[in-house]
Amino acid sequence: MTEGTTTAATEGADTLTRLEQEGEIAADYLEGLLDIADLDGDIDMDVEADRASVSIISDAQGRDLQKLVGRDGEVLEALQELTRLAVHRETGDRSRLMLDIAGYRAQKRTELAELGAQAAAEVKSSGEPVKLKPMTPFERKVVHDAIKGAGLRSESEGEEPQRFVVVLPA
């Protein structure tokens, strides 16, 4: 192996170790939260797309966990930020950790990818830009990825919390 290859492999291993550490810190924090709230749930940790990913899942129907998702994922977003702060407090580094509860984000990702595909099809047929409703940063990222996958461009416009995606013709 060359020196450049060795360095890249070492950096990749260091990044993976750091992300796994973020996941463990987040899992400990969330387990404490579940205990305090007297909710049942299992924690699943992974590394996806260069960020730690932590999910709270339940063997039961997960109705109790829906309380942690809230309306339109508002509680989930807040818990994600609190978990990122807990990781930051322990590591001193900013975290981009993603939190999913009861499969909410996974389901939302599927719905948003379909929305992006539909908007792309509309733009391809009409040749006119399409503006979508305001979305969270997570939602916009999923839609941008779907638009890019369809071979079109997209931009975010507006100010938070009214920031939205505009799908543009090729």
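Strands β5 and β6 make a hairpin with 6 residues between them, and G158 in its turn has a positive phi of about 95°. That is a good place to enter this structure, which is a predicted model. The two strands, of which β5 covers residues 153–157, pair in the antiparallel sense over 5 bridges. One of the pairings sets E155 opposite V166 of β6 as its bridge partner. The loop of this hairpin holds another feature worth a look: P161 has its place between β5 and β6, and the peptide bond joining E160 and P161 is cis, with omega about 0°.

**Strand β6 and its surroundings**

How many of the residues of β6 are buried? The count is 5 of the 5, so the strand is largely enclosed by the rest of the structure. Both of its faces are covered: F164, V166 and L168 are buried on one side, and V165 and V167 are buried on the other. Besides its pairing with β5 over 5 bridges, β6 is joined to β4 by 3 bridges, again in an antiparallel arrangement. Here P134 has F164 of β6 as its bridge partner. F164 and V166 therefore each appear twice in this account, as buried residues of β6 and as bridge partners, of P134 and of E155.

**Helix α4**

β6 also turns up among the packing partners of helix α4. The helix runs over residues 104–126, which makes 23 residues, and it reaches 33 Å from its first C-alpha to its last, close to the 33 Å expected at 1.5 Å a residue. Which residues of α4 are buried? They are R105, K108, L112, G116, A119, A120 and V123. An α-helix has 3.6 residues a turn, so residues three or four places apart point the same way. The buried residues of α4 pack against two helices, α3 (74–91) and α5 (137–149), and against the strands β3 (98–101), β4 (130–134) and β6 (164–168). Just after the helix, G127 takes a positive phi of about 75°.

**The β1–β2 hairpin**

A second hairpin is formed by β1 and β2, with 2 residues between them. Strand β1 spans residues 42–48 and strand β2 spans residues 51–57; they run antiparallel and are joined by 7 bridges. In this pairing, R51 of β2 is the bridge partner of E48.

Is S53, a residue of strand β2, buried or exposed? S53 is buried because its relative accessible area is 11%, and the cut-off for that class is under 20%. Leaving aside residues up to four places away in sequence, S53 touches D44, M45, D46, E48 and M98. E48 thus comes up both as a contact of S53 and as the bridge partner of R51.

**Positive phi values**

Two residues other than glycine have a positive phi: A49 and D72. A49 lies in the loop between β1 and β2 and is exposed, with a relative accessible area of 70%. D72 sits in the loop between α2 (63–69) and α3, and at 59% relative accessibility it counts as exposed too. The table puts these beside the glycines already mentioned.

| Residue | Place | Phi |
|---|---|---|
| A49 | turn of the β1–β2 hairpin | about 50° |
| D72 | loop between α2 and α3 | near 55° |
| G127 | just after α4 | about 75° |
| G158 | turn of the β5–β6 hairpin | about 95° |

**The protein as a whole**

Stepping back, the protein has 5 helices and 6 strands. Along the sequence they follow the pattern α-β-β-α-α-β-α-β-α-β-β. Taken along the principal axes, the C-alpha atoms fill a box of roughly 55 × 50 × 30 Å. Of the 170 residues, 33% count as buried. Among contacts between residues at least 6 apart in sequence, 55% join residues at least 24 apart.

The accessible surface comes to about 10400 Å², and carbon and sulfur atoms account for 49% of it. As for charge, there are 20 positive and 35 negative side chains, and the centres of the two sets lie 8 Å apart.

Note on methods: Residues numbered from 1 in each chain as written. Predicted model: local features only at pLDDT ≥ 70, side-chain atom pairs only at ≥ 80, totals over all residues. Heavy atoms only, no water. Helix = DSSP H or I, 4+ residues; strand = E, 2+ residues; numbered from the N terminus. Expected span 1.5 Å × (residues − 1). Buried < 20%, exposed > 50% of the residue type's maximum accessible area, 1.4 Å probe, protein only. Contact = heavy atoms within 4.5 Å. Areas by Shrake-Rupley, 256 points an atom, 1.4 Å probe, with all protein chains shown as cover. Lys, Arg positive; Asp, Glu negative; His and termini not counted. Charge placed at Lys NZ, Arg CZ, Asp CG, Glu CD. Pairing = 2+ DSSP bridges.
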